[in-house]
Every structure is written in structure tokens, then in C-alpha cells.
Amino acid sequence: MNRHLSQRLGFSLLTMVAVFTVVPIIGVIVYIFIQGSPAISWEFLTVAPRAGMREGGILPAIIGTFYLTIGTAIFSVPLGIAAAVYLSEYSADTRWTRLIRLAIINLAGIPSVVYGLFGLGLFVLFLNFGTSILSASLTLSIMTLPVIISTAEEALRAVPQAFRTVSISLGATRWQTIRRIVLPQALPGILTGVILGLERAAGETAPILFTGAAFFLPRLPGSVFDATMALPYHLFVISTQVPEMPIRIQYGTALVLLVFVLGMNLIATVIRSRARARRQW
Amino acid sequence: MKSELTWQEFIITRAIKASGYSAIVFVALIFFFLLREGLPTLGEVPLTTLFSDRWYPIEDYFGILPLITGSLIVTVGAALVAIPFGIGTAIYIAEIAPRWMREILKPLVELLGGLPSVVLGFLGILVFSPWLRVFLDLPTGLTALTGSLLLGGIAVPTVVSVAEDALDTVPRAYREGAWALGATRWQTIWRVTLPAARSGVLTGVMLGVGRAIGETMAVMMVTGNAPVLALTPGSLFSPVRTMTATIAAEMGEVASGSVHYHTLFFIGMMLFLISLAVNVVASAVVFQSKKRAERILS
């Protein structure tokens with residue numbers, strides 16, 4: 001019976017390991033909600049920081065993160081979906097395709113601060129876009145691309161082959177088949193991937209550090225060539241660079257960022273589960 | 001009508017194909033710009049200075065060894081946390097947990113992967129490092145150990161999701177065979193399922209470690225930012241500074257084209273090459289194991 005005893009011991013050990021992994025995640029989220037919610041007020045969300053950022057709200061940072069997320073979506077979503085369509089619908093398993101896959105894996109693994117360097121070198125200095133929303137969005141787009149490509153490809157591949165065969169046999173061209181049959185069927189899966197990719201971009205700090213983030217701006221950015229405040233960078237600034245920063249505002253900012261990110265995550269989860277329930281294949 | 005349609009189709013097909021190759025173009029562009037801005041360092045800073053133990057850019061000391069050892073010690077510490085917890089949780093989710101539990105745990109771990117690292121760094125400063133300082137009775141809570149523990153947590157979701165996928169793809173017949181021979185579930189996990197999923201689990205570990213090396217904000221916020229050589233395990237309890245944190249902390253203040261600027265790009269180039277190596281090896285492992293599986297099946 002010894003081996004049954006060791007199974008029981010082993011199982012309880014692994015259960016404990018899983019608990020130790022999961023409890024801190026819930027703890028972090030709950031703790032920030034508890035500490036941050038007293039700071040949240042209408043004023044906090046709708047006015048600019050005052051008195052060296054120690055008073056007032058965080059509106060420019062919220063708007064800035066919103067702009068950067070939209071900017072990232074504009075560049076990365078069409079490119080990412082098109083690349084996924086190529087990999088899933090057009091490419092054969094050649095040496096070039098394997099190289100593309102290797103490149104995607106590598107893009108996913110490049111440290112975020114290296115993306116920041118690249119954005120500084122190419123967009124800010126070489127193309128002369130300056131420290132701007134445009135440079136930061138482009139940098140974040142390239143970082144987001146591998147997430148969108150791989151999730152969208154997975155969604156496209158999940159569409160049964162028979163759908164394509166039938167469409168082609170009815171006289172549709174390859175592009176018509178993709179446009180009218182494959183893409184609509186894969187849409188929920190693609191959308192989930194897109195949102196998860198943008199969620200990561202919204203929370204990133206290192207890539208925008210030298211490409212578009214501003215320490216403090218009294219006004220909202222007027223064009224894509226202006227720098228902008230952003231929630232993650234603002235949190236970094238007020239928790240490390242500003243002395244005697246009220247802790248309430250720090251937790252409040254963390255909470256707003258967390259809600260932004262978790263909200264996107266929730267939307268993605270809902271889309272995925274609803275699509276799963278409705279799927280006929 | 002017909003010719004218009006084929007024209008349209010031709011252009012769209014071309015555009016899609018070009019997008020398909022964009023990933024290769026971007027990797028090449030990133031490498032090119034890192035080389036372009038980073039390689040001049042080798043001409044500007046003598047190699048004996050570059051590979052010395054003093055990083056003090058204001059007085060032109062560009063020794064990157066403290067930064068390398070800083071990254072190394074934090075990453076090794078993170079791996080020691082992430083490997084047991086990551087693989088343990090993956091085994092629990094894939095093999096032990098009941099179905100409803102799995103449906104809760106998987107999204108929760110994925111959620112941890114999506115939490116902004118700056119939020120974790122923020123809690124690291126305000127909550128975790130003061131606690132660690134009191135608990136271990138250290139002069140400061142901002143140490144390599146703090147960074148390691150936090151980074152371990154950040155690397156765990158990567159390890160869990162890749163390793164869990166690998167365990168999940170082990171055919172059920174393998175387990176049933178082991179059970180039929182009288183093995184317990186525990187024996188089956190260790191002697192059959194885990195060995196069968198070995199390459200996938202290894203990939204998860206490598207990608208997790210890769211993520212730890214490249215993590216920037218959380219590490220910069222909690223490791224104390226002192227560029228000193230960290231060679232003994234005792235260095236875990238003192239402040240260090242990683243390669244990523246150095247770039248993030250200093251790039252904002254240097255003049256573009258200066259020696260300091262080029263050196264920071266040089267460090268970025270090293271990080272790029274490390275992540276390239278990790279990912280190429282990791283995908284080679286997967287590729288090899290696929291080949292082996294195909295051989296067995298044929």
C-alpha cells in the first residue's frame with residue numbers, strides 16, 4: 001500500500017503548489033481593488049494632475065493609453081490578420097514558411113525594452129517621427145503582431161476544410177471563399193486574439209519609454225506627432241520618481257490600469273465562450 | 001466584370017503574401033537597427049573596459065560585467081521559482097484537477113500572464129520588498145532576491161501554459177496502458193506522461209526563462225539598481241542591476257549618437273541575441289520531437 005500513500009502525498013504536494021501559484025494572483029487583484037477604490041472619484045477620472053501630480057486626476061494618462069491602444073490596433077490588426085490568412089490559407093510547408101514561423105516565435109520572445117530601442121532607432125530618429133503617439137503605436141504594433149498572428153491562424157485553421165471545399169466547388173474564387181466563408185466563421189477566435197494582444201500592449205511600459213511616453217503634460221495631445229502620458233508609465237513615474245507622492249493616488253492609478261486590462265480580458269473571455277456555445281461544427 | 005475580379009484577387013493575394021513575410025522583415029529590421037546603433041561601441045570603448053567590472057557611464061566606465069551577472073543571478077533565481085511552481089501547476093491542471101477546477105485555473109493563470117509588469121513592480125515596491133526586508137532582516141528590501149521572486153511569478157504563466165499543452169497532447173492510451181499494468185496515477189504521471197511530454201515541458205521552461213531575462217519594468221523597480229558584480233549566492237541579498245533595467249533607466253537621458261547611447265544599444269543587441277538563441281533552440285526541440293512522433297506513428 002506504500003505506493004498509494006506516496007500518491008496521496010504527491011497529489012497533496014502538487015495541489016499545494018497550484019494553490020501557491022493561484023492565490024497570489026487573486027490576492028494581487030483583490031488587494032489593488034481594496035486599496036485603490038477610495039481614490040476613485042469622478043474628479044480623479046476626469047481632470048489632469050495638479051501640484052506636481054500629487055493632486056487632481058489622471059485623465060491625460062487614461063486618454064493616452066486609449067490613443068496608444070487604438071493606434072496599435074490600426075497597424076497591427078490588419079497586418080496580423082493578413083499574415084495569419086497567408087499562413088493558414090495560402091502557404092505550403094516550405095522552408096520559407098518555416099522561416100516565417102521561426103520569425104514569429106522570435107518576435108514574441110524579444111524583450112520589451114529591446115522593442116523600445118528599436119522604436120527609438122527606426123521611428124523616432126531614422127524616420128524622424130519624434131517622441132510621439134505615432135512612434136509608440138508603431139513600436140507596440142510590432143510587439144503585438146506575433147500574438148495576433150498566432151491566435152488568428154489558430155482560429156482560421158479551426159474552420160473545417162469542408163467549408164472551403166464546398167465554396168470552391170460552387171465556383172467561388174479562393175479570396176471569395178476566405179472573405180465570405182472562412183473569415184466570418186473564424187471571427188470570434190480572431191477577435192479574442194486581437195483583444196488579448198492589445199491588452200498586453202496597453203499594459204506595456206518599456207516599449208513606450210523612449211518612443212512616446214511623456215512624464216507630465218498639462219494638456220491632451222493634439223496630434224499623432226505629440227508625446228502622450230500613459231497609464232503604465234504614469235504609474236511607474238509616480239511610484240518611483242516623485243517624492244512624497246500620496247499613496248492613495250498611486251493605488252488609484254494602479255486600479256484604473258488594472259480595470260482597463262482586466263476589462264479587455266473579460267471581453268475576450270466572453271466572446272470566446274459565447275462563440276463556443278454557438279458553434280455548429 | 002470577370003477581368004476586374006481577377007485583378008482584385010491578384011492584388012489582394014499579393015498583399016496577403018507580403019503581410020505573411022512581414023514577421024521576417026521585422027526581425028531583420030530590429031537586428032539591423034541594433035547592429036547599426038550598437039556595433040560602434042566596439043570601436044569607441046576598448047574591449048578591456050567593456051568587459052570590466054565597473055559601470056559608471058558619467059566617467060566613461062562602460063564595464064558591462066556587473067549588468068550581465070545581475071541579469072544572470074536574477075534569472076537563475078527566477079528559474080528556481082518558476083520551474084517547480086510552473087511544472088507542478090501544469091501537472092495539477094492537466095492530470096489531477098477535476099474538470100470544473102481546470103476551467104477556473106487555466107484562465108486565472110493566463111490572467112497573471114496579462115497583468116502589466118509595472119503593476120507587479122509597484123506592489124513589489126510598496127508591499128513585497130518591505131515585508132521581505134523585515135522577514136529576512138536585511139538593510140534594504142530592494143535586492144536580487146526580490147527581483148527573482150517577482151520574476152519567477154511573471155515567468156510561471158508561460159511555463160504553465162506551454163507545459164500544460166504538452167501534457168494535454170500525450171495520448172490517453174499511454175495513461176490507460178500504464179493503469180492497466182497496475183501503476184497508480186502518481187506513478188503514471190512520473191514514469192509515463194511526464195517523460196512523453198518532456199520536450200514540450202522543456203520548451204515551456206525555456207520560454208519562461210527567456211521571458212525572465214527580458215522582463216524590464218518590474219525588475220527595474222525592485223532590484224535596487226546598483227551595478228555591482230554579483231558572483232556569489234550571497235549577492236542575492238544585495239541590490240543588483242540587470243541589463244534590461246540599465247537600458248530602461250538610462251536611455252532617456254543620453255544624447256543620441258554618444259558612446260553611452262551606443263553602449264546601451266550594444267546591451268540591447270546582446271539581449272536580442274540571447275532571446276534569439278533561446279527561441280531557436282526551443283523551437284528546434286519541438287521540431288525534433290514532432291519528427292520523432294511521426295516516426296513512431298509511421
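# From a core residue to the chain contact

Leaving aside residues up to four places away in sequence, B:Ala23 touches A:Ala83, A:Ile100, A:Ala103, A:Ile104, A:Leu107, A:Leu145 and A:Ile149. The model is a predicted one, and B:Ala23 is a useful place to enter it. The largest nonpolar core contains 171 residues, and B:Ala23, B:Val119 and B:Val159 are those with the most contacts inside it.

The contacts of B:Ala23 lead to the wider meeting of the two chains. To this contact chain A contributes 67 residues and chain B contributes 66 residues. On the side of chain A that touches chain B, at least two residues each come from helix H1 (2-36), helix H3 (59-90), helix H4 (95-109), helix H5 (112-126), helix H6 (133-157), helix H8 (174-203), helix H9 (231-240) and helix H10 (247-278) of chain A. H1(A) supplies the largest share of that side, 16 residues. Sorted by class, the side of chain A that touches chain B consists of 45 nonpolar, 19 polar and three charged residues.

Chain A can now be taken as a whole. Its secondary structure amounts to ten helices and two strands. Read from the N terminus, the order of elements in chain A is α-α-β-β-α-α-α-α-α-α-α-α. Along the principal axes, the C-alpha atoms of chain A fill a box of roughly 70 × 70 × 35 Å. Chain A has 281 residues, and 50% of them are buried. If contacts in chain A are restricted to residues at least 6 apart in sequence, 77% of these join residues at least 24 apart.

Two packed helices are described by the angle between their axes and the distance between the axes. In chain A, the axes of H9(A) and H10(A) come within 10 Å and cross at roughly 160°. Because angles over 145 degrees count as roughly antiparallel, H9(A) is roughly antiparallel to H10(A). Their crossing is left-handed. From H9(A), the residues A:Leu231, A:Pro232, A:His234, A:Leu235, A:Ile238 and A:Ser239 take part; from H10(A), their partners are A:Ile249, A:Gln250, A:Thr253, A:Ala254, A:Val256, A:Leu257 and A:Phe260. Nine residues of this contact between H9(A) and H10(A) are nonpolar, four are polar and none is charged.

Two loop residues of chain A deserve a look. A:Val224 is in the loop between H8 and H9 of chain A. A:Val224 has 16 C-beta neighbours inside 10 Å, so it counts as partly exposed. Outside the four places on either side of it in sequence, A:Val224 is in contact with A:Ser132, A:Ile133 and A:Leu134. A:Val224 and A:Phe129 are separated by 95 residues in sequence, while their C-alpha atoms are 9.2 Å apart in space. The other residue, A:Asn128, lies in the loop between H5 and H6 of chain A. Most residues other than glycine have a negative phi. A:Asn128, a residue other than glycine, has a positive phi, near 65°. A:Asn128 counts as exposed because it has 8 C-beta neighbours inside 10 Å.

Chain B offers another helix pair. Helix H7 (residues 117-136) of chain B packs against helix H8 (residues 144-168) of chain B at an angle of about 140°, and their axes are 10 Å apart. H7(B) and H8(B) are therefore oblique to each other, and their crossing is right-handed. On the H7(B) side the residues are B:Ser117, B:Leu120, B:Gly124, B:Phe128, B:Ser129 and B:Leu132, which meet B:Thr146, B:Leu150 and B:Ile154 in H8(B). The contact of H7(B) with H8(B) has five nonpolar and four polar residues, with no charged ones.

Helix H8 of chain B also holds B:Ser161. B:Ser161 counts as buried because it has 20 C-beta neighbours inside 10 Å. Its contacts, leaving aside neighbours within four places in sequence, are B:Val109 and B:Glu110. From C-alpha to C-alpha, B:Ser161 is 7.2 Å from B:Ala90 in space, with their positions 71 residues apart in sequence.

The last element to visit is helix H13 (residues 243-250) of chain B. Six of its eight residues are buried, so H13(B) is largely enclosed by the rest of the structure. The buried residues in H13(B) are B:Met243, B:Thr244, B:Ala245, B:Thr246, B:Ile247 and B:Ala248.

Note on methods:
Residues numbered from 1 in each chain as written. Chains lettered and ligands numbered in written order. Predicted model: local features only at pLDDT ≥ 70, side-chain atom pairs only at ≥ 80, totals over all residues. Contact = placed C-beta atoms within 7 Å. Helix = DSSP H or I, 4+ residues; strand = E, 2+ residues; numbered from the N terminus. Nonpolar A, V, L, I, M, F, W, Y, C, P; charged D, E, K, R; others polar. Axes fitted to C-alpha atoms, helices over the stretch in contact; angles between N-to-C directions. Parallel < 35°, antiparallel > 145°, perpendicular 65-115°, else oblique. Left-handed = near helix turned anticlockwise from the far one by under 90°. Buried ≥ 20, exposed ≤ 12 C-beta atoms within 10 Å, placed from the backbone. Core = buried A, V, L, I, M, F, W, Y, C linked by C-beta atoms within 7 Å.
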